[in-house]
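Me: I would like a close look at a single part of this structure, followed outward to whatever surrounds it. Please begin with any term that a first-year student needs, and take one strand as the starting point.

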Amino acid sequence: MAYRMLTDLPAACRSSGLKVVLVPGWNRRGRPASTGSFSPRGVVAHHTGDSIGNNSSRERAYAGGTLASGFASLPGPLCHIGLGRDGTVYIVAVGRANHAGRVRNSGFMRAGDGNSQSIGIEAMNSGFEGWTDVQLDAYHSLCAALCDHYGWPRRNVRSHAEVSTSGKWDPGINYKPISMTTFRRGVAAVKSGGIMALSKREANAIAKAILNYEMHGGGKVPRESFGERLRRIRISSMETNESITRERGDTNKILDRIVKKLGA
Ligand SMILES: [Zn+2]
């Protein structure tokens, strides 16, 4: 049976526009081939059950610790990707991971060995704290980016609760699985290939190119924050002559999205 190493996982995740952190050893990590094959056709969504709270440095340590190494009773990696509460993507492993266990027929998933058929995402959530829009939006974007990158239909996203043969209820809240009909609708609605799909670095490069252009045409640029400079371009663009107003309007929309994306 085939055993793939998804070394392009960072690129796949970056196309979501989310911040991506590589957990040391990510590109070699996976269960031994002797434990089974790995040829994924979709994604399984989980929650970790951790009680870290909104603390990205502790989440990063958790991704490199528990998610990478697992437990004596369940050796790691426990997923391919950890998803922080702030939407940060932690790449944990690229080979087979211990996340789905035995599964039943559900969507793309065929009854049997779930780990051979799927990428596992562990969203960092206690299961009792609820789900913020920040984390859910990131979850949708991440699933959409993975499906698009690997050429799977976006419906190829199942929850552990849907595929489990042992009564798992994640991802969920207070023992109740979240609605995967709603979740998949969110994944389907994610825009692809747009400016929001750019990485932060790419968005920065575009913004800098626009700023350079403005500097070239506008002469002296005062010292000001990045956000202030973008806002100034927006204001000055409103004062330009009418023939290019439409084009400027489109640029403003792009700039708005860049500002939003960078939190500038
Ligand atoms: Zn799970």
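Reply: Two strands are said to pair if DSSP finds at least two bridges between them. The model discussed here is predicted, and the part chosen is strand β2, residues 42-47.

By that rule, β2 and strand β8, residues 157-159, are paired: 3 bridges join them in the parallel sense. Within this pairing, Val 44 stands opposite Arg 158 of β8. β2 is also joined to β7 by 6 bridges, and these two strands run parallel as well. Here His 47 has Ala 123 of β7 opposite to it. In general, strands of a sheet pair through backbone hydrogen bonds, either parallel or antiparallel.

How much of β2 is buried? Of its 6 residues, 6 are buried, and the strand is mostly covered. It is a general rule that the side chains of a regular strand alternate between the two faces of the sheet. In β2, Gly 42, Val 44 and His 46 lie on one side, Val 43, Ala 45 and His 47 lie on the other, and both faces are covered.

The next step is the sheet to which this strand belongs. The sheet is open and has 6 strands in the order β1-β4-β3-β7-β2-β8, with mixed pairing. β1 (20-22) and β8 stand at the edges; each has a single partner strand, so one side of each is left without a neighbour in the sheet. On average, neighbouring strands of this sheet are turned by 25° against each other, direction ignored.

β2 also contributes to the largest nonpolar core, which has 46 residues; Cys 13, Ile 91, Val 92 and Leu 142 are those with the most contacts inside it. Among the elements that each supply at least two residues of this core are β2, β7, α2 (56-69) and α3 (133-150). The largest share, 8 residues, comes from α3.

α3 therefore deserves attention in its own right: at 1.5 Å a residue its 18 residues should span 26 Å, and its end C-alpha atoms are 26 Å apart, which agrees. The buried residues of α3 include Ala 138, Leu 142, Ala 145 and Leu 146. As a general point, an α-helix has 3.6 residues a turn, so residues three or four places apart point the same way. Leaving aside residues up to four places away in sequence, Leu 142 touches Cys 13, Ser 16, Leu 18, Leu 83, Val 89 and Ile 121. After α3 comes Gly 151, with a positive phi near 75°.

α2 is a second helix that supplies this core. α2 has 14 residues and reaches 19 Å from its first C-alpha to its last, close to the 20 Å expected at 1.5 Å a residue. A bend of about 35° occurs in α2 at Tyr 62. Tyr 62 is itself one of the buried residues of α2, together with Glu 59, Ala 63, Leu 67 and Ala 68. These buried residues pack against β3, β4 and β7. Just after α2, Gly 70 takes a positive phi of about 75°.

Finally, the whole chain may be considered. The protein chain has 8 helices and 10 strands, and 38% of its 264 residues are buried. Of the contacts with a separation of 6 or more, 70% are between residues 24 or more positions apart.

Notes
Residues numbered from 1 in each chain as written. Predicted model: local features only at pLDDT ≥ 70, side-chain atom pairs only at ≥ 80, totals over all residues. Core = buried A, V, L, I, M, F, W, Y, C linked by C-beta atoms within 7 Å. Buried ≥ 20, exposed ≤ 12 C-beta atoms within 10 Å, placed from the backbone. Helix = DSSP H or I, 4+ residues; strand = E, 2+ residues; numbered from the N terminus. Contact = placed C-beta atoms within 7 Å. Expected span 1.5 Å × (residues − 1). Bend = angle between axes of the 7 residues up to and from the residue. Axes fitted to C-alpha atoms, helices over the stretch in contact; angles between N-to-C directions.
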